[in-house]
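Trainee: I would like to look closely at one part of this model rather than skim the whole of it. Could you choose a sheet, and take me slowly through its strands and what lies around them?

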Amino acid sequence: MLNIKDICTEIEKWIIDARRDIHITPELGLEEFVTKEKIIKYLDEIGIDYKIYDDHTGVTAYIDSGKEKTVAIRADIDALPITEDLNLSYSSTNSGKMHACGHDAHTAILLGTCKILYNLRHELNVNVKFFFQPAEETVGGAQLMIKDGCMDNPKVDCIFGLHVDPRLDTGFLELKYNTLNASTDTIDITVTGEKCHAAYPHLGTDAIVIAANVITSLQTISSRNVDPLDSVALSMGIINGGIKENILCDKVNIRGTLRTLNEDVRCLTKKRIIEIAQLSSKSLGGNACINIEKGYPVLKNTNKIIDYVKKNATELFEHDRIIIRESGCLGAEDFSYYLEICDGAFYHIGCKNTDKNIGSPLHSSTFNIDEDCLKYGVMTHVKNVLSYTNK
């Protein structure tokens, strides 16, 4: 029996160094050129085979053991347009960009997993693919990887992914059966009226007044059209309109996001958005054009794979460090695209350490991780792959 804890601890410094190397040069989605070269550098050092792509910055490493089953593990590699407010020796050197969502940690964890499993390649019962995926925060880079065939030849039977979580202390793992993350849709509404002099408003149609009524009315969807036990968030984040304070505005653009955990609720909410925007505008003498851009699907875990991860995690850690999440999250995650194709599990590992003053939320300028969490991520990945055929 391999001692996975010891194997992962032996390369802990290597994993931490890799994380810091990635952290210092954060890049936005589809711009991860330096990050890609660093990943390739580490893969060359390991000696593992890999594939690069012409039309995006993703990389797929793989171990072809000639087995019947294939397991994949995914890490996202992009950063956010946030200015880092941490005084670290490895703080971001790219102005206005930061690994504020922990993707540097995910990448380092996957590199560490590559290193260990490649060294154990002759003992594997499965083929393994390692997805270093771009643009999770923007265009949904999972779709680009899938389009380029990452799930085929050989076909992926099961996929694993994780996310560091500052709500949880380091050493804890959180699992969720069924739906974990929400679907996303972008809402774009253009309200039109007729401009005139603001001193004579009866001669025009005020698009700002109409837009205000549309926004207010849209809030009734979650309170009056959707079952209170179902989750829906409809948030309008942008509003633009008007050219001068004494001219009645004739066009207002409103943009926002819709998040749901249920496809029926998603369809109902989109239908009501269109109806309310159009009818509210018409009732006040204007018009509304609505465009709803479909985003990520819900992330729905495979329950039998969650059972499998739970069993493995329990063997690695103390039982009371495994948390079963009861409700889903309205945040989005493009790992959902992989789960539309095969079985799999996406879960959270703790990265908070109050003794080290580490606990800022994701997507904040002071977000950081307790680097002790890296070895725990590697342990779970390695255990999930090594024991897969025994599930």
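Mentor: The names used below follow one convention: a helix is a DSSP run of H or I with at least four residues, a strand is a run of E with at least two, and both are numbered from the N terminus. In those terms, His363 is found in the loop between E14 and helix H11, which covers residues 373-386. The model is predicted, and in it His363 has a positive phi of about 65° although it is not a glycine; this residue is partly exposed, with a relative accessible area of 42%.

Strand E14 leads to the sheet that I would choose. Eight strands make up this open sheet, in the order E1-E2-E4-E3-E5-E14-E6-E13, and their pairing is mixed. The edges are held by strand E1 (49-52) and strand E13 (322-324), each of which pairs on one side only. On average, and with direction ignored, neighbouring strands of this sheet are turned by 25° against each other. At the E1 edge, four bridges join E1 to strand E2 (residues 59-63), and these two strands run antiparallel; here Tyr50 has Ala61 in E2 as its bridge partner.

Two helices belong in this picture. Helix H3 (residues 33-46) lies across E1, E2 and strand E4 (127-133), and it runs at about 160° to E1. The loop between helix H2 (12-23) and H3 contains Leu30, which has a positive phi of about 70° although it is not a glycine, and which at 33% relative accessibility counts as partly exposed. Helix H4, in turn, lies across E2, strand E3 (70-76), E4, strand E5 (158-169) and strand E14 (343-352), running at about 155° to E4. Before E5 comes a further backbone feature: the peptide bond from Asn153 to Pro154 is cis, with omega near 0°, and Pro154 lies in the loop between helix H5 (141-147) and E5.

The nonpolar side chains come next. The largest nonpolar core has 68 residues, and those with the most contacts inside it are Leu43, Ile48, Leu117, Phe130 and Phe132. Helix H4 (residues 103-119) gives the most to this core, with nine residues. Phe132 shows how such contacts are spread along the chain: leaving aside its neighbours within four places in sequence, its contacts include Ile39, Leu43, Val59, Ala75, Leu110, Cys114 and Met145. Within H4 there is also Ile116, which is buried, with a relative accessible area of 4%. The contacts of Ile116, again leaving aside neighbours within four places in sequence, are Ile7, Cys8, Ile11, Val378 and Val382. The C-alpha atoms of Ile116 and Ile46 are separated by 9.1 Å, although these residues are 70 apart along the chain.

Aromatic rings deserve their own look, since the structure holds eight aromatic pairs. One of them joins Phe335 and Tyr338 edge-to-face, at 5.7 Å centre to centre and with 65° between the planes; both Phe335 and Tyr338 are buried. These two residues form one aromatic cluster together with Phe131 and Phe346.

A bench reader may also ask about the cysteines. With a disulfide taken as two cysteine sulfur atoms within 2.5 Å, the count comes to zero. For Cys329, which is in no disulfide, the nearest cysteine sulfur is that of Cys101, 11 Å away, and Cys329 is partly exposed, with a relative accessible area of 26%. Cys351 is buried, with a relative accessible area of 0%, and its sulfur lies 5.4 Å from the closest cysteine sulfur, in Cys373, which is too far for a bond.

Finally, a brief comparison with another sheet may help you to place this one. Four strands form an open sheet in the order E9-E10-E8-E11, with antiparallel pairing. Strand E9 (232-241) and strand E11 (287-294) stand at its edges, each with a single partner strand, so one side of each is left without a neighbour in the sheet. Helix H8 (residues 263-283) lies across E8, E9, E10 and E11, and runs at about 160° to E11.

Key: Residues are numbered from 1 along each chain as its sequence is written. This is a predicted model: local features need pLDDT of at least 70, side-chain atom pairs count only at pLDDT 80 or more; totals for chains, interfaces and linings use all residues. Side-chain values use heavy atoms; hydrogens and water are left out. Two strands pair if DSSP finds at least two bridges between them. Contact means heavy atoms within 4.5 Å. Axes are lines fitted to C-alpha atoms, for helices over the stretch in contact, and angles run from 0 to 180 degrees between N-to-C directions. A nonpolar core is a set of buried Ala, Val, Leu, Ile, Met, Phe, Trp, Tyr and Cys residues joined through side-chain atoms within 4.5 Å. Buried means under 20% relative accessible area, exposed over 50%, partly exposed in between (1.4 Å probe, protein chains only). Rings of Phe, Tyr and Trp (its six-membered ring) pair if their centres lie within 6.5 Å; planes under 30 degrees apart count as stacked, over 60 as edge-to-face and the rest as tilted.
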